[in-house]
Every structure is written in C-alpha cells, then in structure tokens.
Amino acid sequence: MAQISSNKAMKRLNGYAFLCLLVFLWAGCQSCASKEAFQEGANLFDQGVRLLNAGEQIQAIGYFDKLIAREPNNAQAYRNKGLAEYQLGRLSDAKRDVNVALKIDPQLGSAYVNRGDIQSDLGDNVPAIADYSAALALLPRAGDVYNARGNVYCKLSKFQEALSDFNREIQLD
C-alpha cells in the first residue's frame, strides 16, 4: 500500500515538474520573442534616425511610421517623425506628431524644443517661449535652447529677457 501511494506521489510530482518545465519553456520563448521584437523596433528607429541625419526625411518618416505601428506609445518615434516633417516644411503635421510625443511622455525635453521651433516658425511666439521654457526646465544646460528662446524674445521686443538668455547660452558654451 505504501508503494502505491508512493507511486501516485511520484506521478503527481512528475506531473508538476512537467508543468513547471512547460511554463519555463513558454516563458523562455516569450522572452526570446520579446527580445526579437525589441531588436526589430530598435533597428527601425536606428534606420529612421540614420535616414533623417542623411537628409532623407521621407524615407525616415516611413521607418518611424512602421515603428509607431508596432509601438504606438513610442514617444521618440513620434518626436523624430515630427522632426522629419518639420524639416520638410510640413509644420502642421510636425506639430501634430510632436504633440503626440508629449502626450505619451511629458518629460521629453527635446520634444518641447521641437514644438518651440515649430511655434516660432508659425509666428506663435508666446507658446514658443512656453515650450522653450518647459524644455529648459528639463534640459537646463541646453545652450541652444536659450539661444532659440532669446531669438523669440527679440521678436517680441523683450530685449532684456533676450540678453539674459544669450548671456546664459555663452556661459554654458
């Protein structure tokens, strides 16, 4: 009788071990799949950035669109797509994409810079200053942002504020 219950216990233990092995293997496969998906997303992003830096904005937008389709909450993909749109002069499209990036990640300082540039080009100077100020709150050592905000202050004839920003830029460079 003791032998029978021991066999039952062994079968039960083997069943649990088998189940644990299956779970372990499944989790490992999921990990491999997620690593592959991550790598594919990183490759799309890198290719988009490479094309953007090479002046191939339209092709870059295609890569960022593919990445966004895979990862709809990728703020950097939207920001870079917006930058490509901006470089093509598509200001409303650029602003839309940068707004999405900021909705996803309100701490993305570079997106505030991009939106500030767009606002400035659209002649929306007060919102541009607000965006540059938000960027500087996140990126306090970004001298180029002080320069950009200083230029917008000049457009608004706020020369004291502009001078302060230009001096801060010089201190940082």
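One aromatic pair is counted in this predicted model when ring centres must lie within 6.5 Å. Such a pair of aromatic rings is described by the distance of the centres and the angle of the planes. Another ring worth a look is that of Tyr63: the charged end of Lys66 sits over this ring, 5.1 Å from its centre.

Now for the overall layout. The protein has eight helices and zero strands, so a walk from the N terminus reads α-α-α-α-α-α-α-α. Of the 173 residues in the protein, 34% are buried. About 10500 Å² of the protein is exposed, with carbon and sulfur atoms supplying 58% of that area. Among contacts with a separation of 6 or more, 43% join residues 24 or more positions apart.

Let's start with helix 1, which covers residues 2-53. Two of its residues, Ala42 and Phe45, can be followed to partners further along the chain. Ala42 has a relative accessible area of 23%, which makes it partly exposed. Phe45 is also partly exposed, at 22%. Around Phe45, leaving aside residues up to four places away in sequence, the residues touched are Phe64, Leu67, Gln76, Ala77 and Asn80. The table gives one C-alpha pair for each of these two helix 1 residues.

| Pair | Separation in sequence | C-alpha to C-alpha distance |
|---|---|---|
| Ala42 and Leu67 | 25 residues | 8.6 Å |
| Phe45 and Phe64 | 19 residues | 6.5 Å |

Helix 3 comes next. It has 13 residues and reaches 18 Å from its first C-alpha to its last, close to the 18 Å expected at 1.5 Å a residue. Is this helix largely enclosed or largely open? Because 10 of its 13 residues are buried, helix 3 is largely enclosed by the rest of the structure. The buried set consists of Ala75, Ala77, Tyr78, Arg79, Asn80, Lys81, Gly82, Leu83, Ala84 and Glu85. Two of these names may look familiar: Ala77 and Asn80 are among the residues that Phe45 touches.

Helix 4 spans residues 91-104. With 14 residues at 1.5 Å each, counting one less than the number of residues, it should span 20 Å, and its end C-alpha atoms are indeed 20 Å apart. Which residues of helix 4 are buried? They are Leu91, Ala94, Asp97, Val98, Ala101 and Leu102. Viewed down the helix axis, these buried residues fall within an arc of 140°, so they line one face of helix 4. Turned away from that buried side is a face carrying the exposed residues Ser92 and Lys103. The cover over the buried residues of helix 4 includes helix 3 (75-87) and helix 5 (109-122).

Finally, have a look at Asp131, which is found in helix 6 (residues 125-138). Is Asp131 buried or exposed? Its relative accessibility is 4%, and since buried means under 20%, Asp131 counts as buried. Setting aside residues up to four places away in sequence, Asp131 touches Tyr112, Arg115, Gly116 and Gln119.

Conventions. Residues numbered from 1 in each chain as written. Predicted model: local features only at pLDDT ≥ 70, side-chain atom pairs only at ≥ 80, totals over all residues. Heavy atoms only, no water. Helix = DSSP H or I, 4+ residues; strand = E, 2+ residues; numbered from the N terminus. Buried < 20%, exposed > 50% of the residue type's maximum accessible area, 1.4 Å probe, protein only. Arc of directions from axis to C-beta. Contact = heavy atoms within 4.5 Å. Areas by Shrake-Rupley, 256 points an atom, 1.4 Å probe, with all protein chains shown as cover. Phe/Tyr/Trp six-rings, centres within 6.5 Å; stacked < 30°, edge-to-face > 60°. Lys NZ or Arg CZ within 6 Å of the ring centre and 35° of its normal.
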